[in-house]
Amino acid sequence: MNAAVTARAHTNIALVKYWGKANTDLIIPQTSSLSLTLDQFYTETTVAFDEGLTSDHVSVNHQVLTAQQASKVHNFLNLVRQQSSRTSFARVTSVNHVPTAAGLASSASAFAALAGAASRAAGLSLDRTALSRLARRGSGSATRSIFGGFVEWHAGHDDLSSYAVPLIEKVDWPIAVVALILDPHHKKVSSRQGMQNSVNTSPYYPAWKQIVADDLAAIKPAILAQDFTTVGETLESNAMRMHALTLSAWPPYSYFNGDTLTAMQTVKSLRHEGIECYYTLDAGPNLKIFCEATNVATIRTRLAQQFGADNVIVAQPGPGIQFLD
Ligand code: PMV
């Protein structure tokens, strides 16, 4: 057996979303996107290639996956085998660290950690740009989880040109993201299915591409200037316009549930009361609320009263990929 390598990668929340692929095999997106890596949610993955194995062996959260459940991991390991001299199968052990059974374990942290651990275990020494490109092949959002802080994924046009770059890795700005868990279950429409459905059937998709370009142009200088209001307004409107693509697709669908709409009203009420905060949502009903650190206690208390303390998790900006001895 070859040496085992362990990597830890954190999940990220997109402030300007990736929603649609230009190339579904290589996972080249239609647009660039921008995210914040979060400290509270991460995946630790250990990989060892082993000549004694007759197939890839994958366990997630101490449960062994069936071949069908492990097919994405297996395909990803095939890529690593192609890029390296390894031909043997691998043992993959992955644990998601999420404070509660929150449905926040994400493919972003999972594939970023797998890219790091598998490539090193295979004897490759990839720089972070190459790691970002490799992680992209597992899941688009994983491209950005190689880096900490605010991260931009440049769409590019082919495998070589599509990767993430950090905008600010060490965030020296007292901000937080309050995650509100409204439904911990798996999403009914996967992001993979959902985004291509929007590309193919929403008449608003061309407008979305322009929105993303405009939002990136607005949010990057605002982040650098720590202009909280512009960052907040941009991320909230970007999220709602992404979700408008699902409502305008055919057949139409939505990731929101009833509580999602109630929670959006709560955020608006807080704003009316002078507690400035803004929400965003990915392909699911849970809100992530962007706020200044000084307002975390008030926001947490309000959400806990309404939705239960266990469903509120406060995160700060988090680091990029780490290798553990
Ligand atoms: O990485 P995927 O295929 O799970 O897609 C992520 C899509 C969103 O989370 C909704 C947006 C994003 O940019 O992360």
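Domain bounds, as I shall use the term, come from an automatic or database domain assignment. For the protein chain, that assignment gives domain 1 (5-172) and domain 2 (175-315). Both domains give residues to the shell around the ligand, so the ligand shell lies between them.

Before I continue, two remarks on the basis of this talk. This is a predicted model, in which local features need pLDDT of at least 70 and side-chain atom pairs count only at pLDDT 80 or more, while totals for chains, interfaces and linings use all residues. Residues are numbered from 1 along each chain as its sequence is written.

Let me begin with the chain as a whole. Its secondary structure comes to 8 helices and 14 strands; helices (H or I, at least four residues) and strands (E, at least two) are DSSP runs, numbered from the N terminus. The C-alpha atoms fill a box of roughly 65 × 40 × 40 Å along the principal axes. The radius of gyration, taken over C-alpha atoms, can be set against a globule rule of 2.2 Å times the number of residues to the power 0.38. A compact globule of 325 residues would have a value near 20 Å, and the protein chain, with 19 Å, agrees.

I turn now to the ligand. A residue counts as near it if its C-beta atom, placed from the backbone, lies within 6 Å. Which of the 14 residues around the ligand come nearest? They are Ala14, Tyr18, Ser141, Ser191 and Asp282. Helix H2 (107-121) and helix H4 (191-201) each supply at least two residues of the shell. By class, the shell has 5 nonpolar, 6 polar and 3 charged residues. Here Ala, Val, Leu, Ile, Met, Phe, Trp, Tyr, Cys and Pro count as nonpolar, Asp, Glu, Lys and Arg as charged, and the others, Gly among them, as polar.

Next, the two domains. Their centres, taken over C-alpha atoms, are separated by 23 Å. In all, 27 residues of domain 1 are in contact with 32 residues of domain 2, contact meaning that the C-beta atoms, placed from the backbone, lie within 7 Å. On the side of domain 1 that touches domain 2, strand E1 (5-16), strand E4 (33-50) and strand E9 (163-168) each give two or more residues. E4 provides the largest share, 6 residues. This side of domain 1 divides into 16 nonpolar, 8 polar and 3 charged residues.

I should also like to describe one sheet. It is open, has 4 strands in the order E11-E12-E10-E13, and its pairing is antiparallel; two strands pair if DSSP finds at least two bridges between them. Strand E11 (277-280) and strand E13 (312-315) stand at the edges with a single partner strand each, so one side of each has no neighbour in the sheet. From one strand to the next, the twist averages 25 degrees. Axes are lines fitted to C-alpha atoms, for helices over the stretch in contact, and angles run from 0 to 180 degrees between N-to-C directions.

Within this sheet, strands E10 (175-180) and E12 (287-292) pair over 6 bridges, and Val177 stands opposite Phe290 in E12. Helix H6 (228-247) packs on the sheet, touching E11 and E12, at about 30 degrees to E11. Helix H7 (258-272) lies across E10, E11 and E12, and runs at about 160 degrees to E11.

Finally, a backbone detail. Trp250 and Pro251 are joined by a cis peptide bond, with omega of about -5 degrees; Pro251 is found in the loop between H6 and H7.

Conventions: Contact = placed C-beta atoms within 7 Å.
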